[in-house]
Amino acid sequence: MSGVAFRFRSFAARPPRAPWIVAALAGEVAPMPFAGAATVDVCIIGGGFSGLWTALRLREQDAGLSIAVLEADRCGTGASGRNSGAAGHWWTRLPLLLKCLGREGAMAVIEASEAAVADIHDFAAQHGIECEARYERSVWAVTAPGRPGAWGPMFKAAESIGVTPPQRPVPAEEMRALYGTAPYFAGVMEARATRLNPAALARGLRRVALAQGIAVHESSPVTRVTSAPGHVLVQTALGQVRAGQVVLAANAWMAHLAPFRDEVMVLSSDMVATDPIPQVLAARGLLGRPGGTNSRMMLNYGGVTPAGQVYLGRGAGVLAFGARIGAAFEHAPAQLRQLAADFRHLYPELHDVKLPHGWGGPIDRSTTGMPQFGTLAADPRVHYALGYTGHGVGATALCGRVLASAVLGRQDRWHEVGALMARVRNGRYPPEPLRYLAASVVQGAVRRKETAERDGRKPWRLDAALAPLALATLPTKP
Ligand SMILES: Cc1cc2nc3c(=O)[nH]c(=O)nc-3n(C[C@H](O)[C@H](O)[C@H](O)COP(=O)(O)OP(=O)(O)OC[C@H]3O[C@@H](n4cnc5c(N)ncnc54)[C@H](O)[C@@H]3O)c2cc1C
């Protein structure tokens, strides 16, 4: 064992911008940072869904374990509280899973991802977490004329092994009934997709963790993690924790660390939202319109909250040079302007409704589109979860189970799922500065191409040729 010596970057606390974070934190007192010294069995770095689910699944299996969560800001103010609350499974990854794992392995991973989403409903109900977890229709659509649906490869792969994805094609007349004159040209629908209020879930998980004797320290950014004989030392500005084992769950904020930087790059995802407008939605016939995503590379995702707040997001926005997460990952006016244009396009009925909320957050994009839940070769006492690629609401619940088994050394179903996922590989990203330069060029091409398609114009030929390189990677190092 060679050991680890990680330095985390300095962490600036940020104002909560997502309206659901503002609501979830209302009335809570500012926390005291962790100070002094502590010794625990397990120290978890990061109090988002990954960290909290792992802490809770560990507690469930071992009531005697001492567990501390160190969170730089407030639990749920990272990606976990900022997202659109769509908790999905990995059916869309079937083609890659099939290639890497074969039928049995691919289906085991997909079933685990479905079980994770069901887990969220069960846990929230069992512990009285009021996070609006619900089943809704969700449509994966084409919103540019003449474009193919991105679901083709998934259905083809499913057919090849005789399984049926949860989505069904939506006939043209049903699309028209759902979307009227809005630009929805084709789609597939999932009848029972999960949606929830992510900030309410994160704060609820924190509440349950505290009630179960898990020490949760907020406003306590970790500065260093170092292997030592007999323990792993975790340092914060004002204190240090000696831990038997460590879980790295700081999402994009740890993507610069050596074990991860080849396979994860950091981009923003951005969102805009209206205020709650239930009467407007009712009057304009929009109450029954399902949420969902479209088939772009810079994909839009959106829906309506139970209070009638309409939201829309878009992936692959700001690029982080060297995985540095700056202020543009909180609020990027240029991204929000482009997104507002998408909103006006996709919701023509709401052309006059204000968009007072706009925010962003970091996405840890992996080369496979799937996360890895693993243990570092350099120190088997250090475990990690990273690479959700903007699809972590459901997957973090699976992370909790897989990493709890890793920490406890259990050879169970979750250990096997983690081992299968470790076999899903798809090359590596180029190093900086090449990565940033290449990604900037390709991203510009994708943006121009998809804007042209949205507006019914023919994209430039060079942009059309460059756009597919967005998914390109280098071969894995020998
Ligand atoms: C705008 C947006 C929309 C999204 N929409 C969806 C969606 O609809 N569906 C979906 O499935 N996924 C979505 N995602 C992705 C999803 O939110 C994430 O994959 C998921 O929340 C990751 O959880 P996490 O706990 O790993 O990370 P995070 O929630 O980011 O948690 C990491 C935590 O680590 C903390 N931290 C950072 N540095 C340190 C340090 N030095 N010391 C201690 N703590 C530290 C951070 O403050 C943060 O709280 C979206 C993401 C964004 C940004």
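Let me begin at G180, the residue that follows helix α6, where phi is positive, near 55 degrees. Please keep in mind throughout that the model under discussion is a predicted one.

Helix α6 itself covers residues 172-179, and its buried residues are M175, L178 and Y179. Viewed down the axis of α6, these buried residues fall within an arc of 75 degrees, so they line one face of the helix. What do they pack against? The partners of the buried residues of α6 are β5 (134-142) and β7 (186-195). On the face turned away from that buried side, α6 carries the exposed residues E173, R176 and A177.

A second helix may be treated in the same manner. Helix α11 spans residues 413-422, and W414, V417, G418, L420 and M421 are buried there. Down the axis of α11 the buried residues fall within an arc of 160 degrees, so they too line one face of their helix. Their packing partners are α4 (94-126), β17 (372-375) and α10 (392-408).

Strand β17 deserves a closer look through one of its residues, G374. G374 counts as buried because its relative accessibility is 13%, and the cut-off for that class is under 20%. Setting aside residues up to four places away in sequence, G374 touches V382, H383, Y384 and L403. For a sense of distance, G374 and A283 are 91 residues apart in sequence, and their C-alpha atoms are 50 Å apart in space.

I turn to the domain assignment. The chain is divided into domain 1, made of 5-83 + 199-261 + 371-422, and domain 2, which is 434-471. How far apart are the centres of domain 1 and domain 2? Taken over C-alpha atoms, the separation of the two centres is 36 Å.

In the loop between α11 and α12 we find E432. With 27% relative accessibility, E432 counts as partly exposed. Beyond its neighbours within four places in sequence, E432 is in contact with A320, F321 and G322. E432 and C100 are 332 residues apart in sequence, whereas in space they are 28 Å apart, C-alpha to C-alpha.

F321 appears again at the surface. Together with Y436 and L437, F321 forms a nonpolar patch with about 280 Å² of accessible area in total. L437 is located in helix α12, residues 434-454. L437 counts as exposed because its relative accessibility is 51%, the threshold being over 50%.

The remaining topic is electrostatic pairing. The count of salt bridges comes to 26, and I shall discuss several of them.

In the pair R57 and E60, the closest N and O atoms are 2.8 Å apart. Why are these two residues separated by about one helical turn? The reason is that R57 and E60 are three residues apart in helix α2, residues 49-61. In general, an α-helix has 3.6 residues a turn, so residues three or four places apart point the same way. As for accessibility, R57 is buried at 4%, while E60 is partly exposed at 47%.

R82 and E330 also meet in a salt bridge, at 3.3 Å from N to O. This pair links distant parts of the chain, since R82 belongs to helix α3 (residues 79-82) and E330 to the loop between β15 (309-314) and α9 (333-346), 248 residues apart. Are these partners buried or exposed? R82 counts as buried, at 6% relative accessibility, and E330 is buried with a relative accessible area of 14%.

In another salt bridge, the side chains of R203 and E218 meet at 2.8 Å, N to O. Here R203 lies in helix α7 (residues 198-211) and E218 in the loop between β8 (215-217) and β9 (222-228), with their positions 15 residues apart in sequence. R203 has 7% relative accessibility and counts as buried; E218 is buried as well, with a relative accessible area of 3%.

Which residues are joined into one network by salt bridges that share partners? They are R296, R314, D342, E450, R454, D455 and R457. With that network I conclude the presentation.

Conventions. Residues numbered from 1 in each chain as written. Predicted model: local features only at pLDDT ≥ 70, side-chain atom pairs only at ≥ 80, totals over all residues. Heavy atoms only, no water. Buried < 20%, exposed > 50% of the residue type's maximum accessible area, 1.4 Å probe, protein only. Helix = DSSP H or I, 4+ residues; strand = E, 2+ residues; numbered from the N terminus. Arc of directions from axis to C-beta. Contact = heavy atoms within 4.5 Å. Domains from an automatic or database assignment. Patch = residues over 30% accessible without salt bridge, like charges linked within 9 Å, V, L, I, M, F, W, Y side chains within 5 Å. Areas by Shrake-Rupley, 256 points an atom, 1.4 Å probe, with all protein chains shown as cover. Salt bridge = Lys/Arg side-chain N within 4 Å of Asp/Glu carboxyl O.
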